[in-house]
Each structure stands twice: as C-alpha cells, then as structure tokens.
Amino acid sequence: MPTWPEVVRAVDAAWRLARGDASAIGRFELSVDGFWKSFAAALVVAPAYVLVLLDQYHLAGWPSEPWATAFVEGLGYVIGWMAFPLAAIPLTRLLGLSERYVPLIVANNWSTVIQVAVYTMVVILGLILPQPMRTTALLTATLAILVYQWFVIRSALGTTSSIAAGLVVIDLLLSVTVSRVLDGVLLSG
C-alpha cells in the first residue's frame, strides 16, 4: 500500500499528464513495487464510483435486490480494474512494447483518479442542470476522458497515436463487455 506522499506524488503526475506534460511519466514510481501500489488508485476513487453508481440508479430506478446488486457491482469494479492490465500483457508483447508495460499500467491506474474526479464533478453538476445540458456535459466529459487516456497511453508506451487509440478502444470494449455481462447477471437474478 502506498504512503500518503506516494499517492499525492502519483496523482500530481497524473494531473501533469492531464495538462499535456508527457514527461510526467517519469514522476511515477515505475518499478514492480510501484506497479502493485498503483492499484491503490482503485481505493482512492471507490467513493466517487459509488456516488456515480447511486446517481445512475437514481435515474434508472433502484434495484429490487440491493445487496445482490451491491455484490455484483463490487465484483464488476474489481474485474474492471483487472481487465485492462491483464489484456495489456499480450498486447504489449505483440506490439514489441513489453518493456513499457509497467509504466503503462502505473500511469493508466493513477490517471483514473483524474478521470473519475472529472466525471464525478460533471455528475454532481448535472444534478442542477436540465436533462439536455446534463447529457451534453456527460458526453463532453466522456470524450475528454478518452482523449486524456489516449495521451496517457501514448506517453507511457512512447508509441504512435494510432496504437494508443487502439488500446483506448480495447479498454473501452473491455469495460462495456464487463458492464453488459454484469447487467445480464443482475437482470437474470
């Protein structure tokens, strides 16, 4: 588990990436220990993730089985944090970028703190916006987050724009797949 100063340093590096500073990759702890510590970002963003989920259920309707839903959502959260790092192992090998795997995962994990913070702020702002403006704000935030993730991946791997874009698409497809499978579990339960 990282210390508080290590968390602050990693989030600062992610914030610098969000401001377009590709050299911020070097500010992360890019060791095997740093790799494992970067998964603490899941704990950092978990409260905001719960807030976003509550907003979604508020809009779509509350589940009839709240404990089962909480379990499935929690399972989905864990799977979501594991899917891209596991998929990136063969992908970085295939692309000849396996030596950049650890920086990719470290930067991608910590950048999630910035992504979730932006999305959560828009969700909170959306509580006071009329529905069309809320939808536009959420779409804009989602697009900005995808561009940010593309920049993080491109910077971490030191690769081309198209390879980074392809990895963003793969991560997005993994997220959608996990979400759809778990939605199916919730609907069948």
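Here is a walk through this structure, from the overall fold to its helices, pockets and a few single residues.

A word on the ground rules: this is a predicted model, in which local features need pLDDT of at least 70 and side-chain atom pairs count only at pLDDT 80 or more, while totals for chains, interfaces and linings use all residues. Residues are numbered from 1 along each chain as its sequence is written, and side-chain values use heavy atoms, with hydrogens and water left out.

Let us begin with the whole chain. The protein chain holds seven helices and zero strands, where helices (H or I, at least four residues) and strands (E, at least two) are DSSP runs numbered from the N terminus. Read from the N terminus on, the elements run α-α-α-α-α-α-α. The radius of gyration of the protein chain is 17 Å, close to the 16 Å that the globule rule gives for 189 residues, so the chain is as compact as a globular protein of that length. That radius is taken over C-alpha atoms, and the globule rule is 2.2 Å times the number of residues to the power 0.38. Along the principal axes, the C-alpha trace spans about 45 × 35 × 35 Å. Of the 189 residues, 40% are buried; buried means under 20% relative accessible area, exposed over 50%, and partly exposed in between (1.4 Å probe, protein chains only).

Next come the helices, starting with helix 2 (residues 32-37), where Val32 has its place. Val32 counts as exposed because its relative accessibility is 57%. The C-alpha atoms of Val32 and Val106 are separated by 9.5 Å, although their positions lie 74 residues apart along the chain.

Helix 3 covers residues 41-60. Its 20 residues should span 28 Å at 1.5 Å a residue, and the end C-alpha atoms are indeed 28 Å apart; the expected span is 1.5 Å times one less than the number of residues. Helix 3 also has a kink of about 40 degrees centred on Pro47, the bend at a residue being the angle between axes fitted to the seven residues ending there and the seven starting there. The buried residues of helix 3 are Ala41, Ala42, Val45, Ala48, Val52, Leu53, Asp55 and Tyr57. Some of this spacing is easy to read, because an α-helix has 3.6 residues a turn, so residues three or four places apart point the same way. Leu43, also in helix 3, counts as exposed at 54% relative accessibility. Its C-alpha atom is separated by 9.8 Å from that of Val113, 70 residues apart along the chain. After helix 3 comes Gly61, whose phi is positive, near 115 degrees.

Helix 4 runs over residues 66-94, and its 29 residues should span 42 Å, which agrees with end C-alpha atoms 42 Å apart. This helix bends by about 30 degrees at Ala88, with a proline, Pro90, following within four residues. Just after helix 4, Gly96 takes a positive phi of about 70 degrees.

In helix 5, 19 of the 26 residues are buried, so this helix is largely enclosed by the rest of the structure. The expected span of helix 5 is 38 Å, and the end C-alpha atoms, 36 Å apart, agree with that.

Now for the pockets. A 1 Å grid over the protein atoms alone is used, and a pocket is an open set of points where a 1.4 Å probe fits, with protein on both sides within 12 Å along at least five of seven lines; lining residues have an atom within 4 Å of a point.

The largest pocket contains about 1400 Å³ of space, a volume being the space filled by probe spheres set on the points, which are joined across faces, edges and corners. Its lining has 40 residues, of which Tyr49, Val116, Leu172, Ser175 and Val176 lie nearest the centre. Helices 3, 4, 5, 6 (131-157) and 7 (161-188) each supply at least two lining residues, and helix 7 gives the largest share, 12 residues. By class, this lining has 24 nonpolar, 12 polar and four charged residues; Ala, Val, Leu, Ile, Met, Phe, Trp, Tyr, Cys and Pro count as nonpolar, Asp, Glu, Lys and Arg as charged, and the others, Gly among them, as polar.

The second largest pocket has a volume of about 290 Å³. Among its 15 lining residues, Val50, Leu53, Leu54, Ala70 and Glu73 lie nearest the centre, and helix 4 gives the most, with seven residues.
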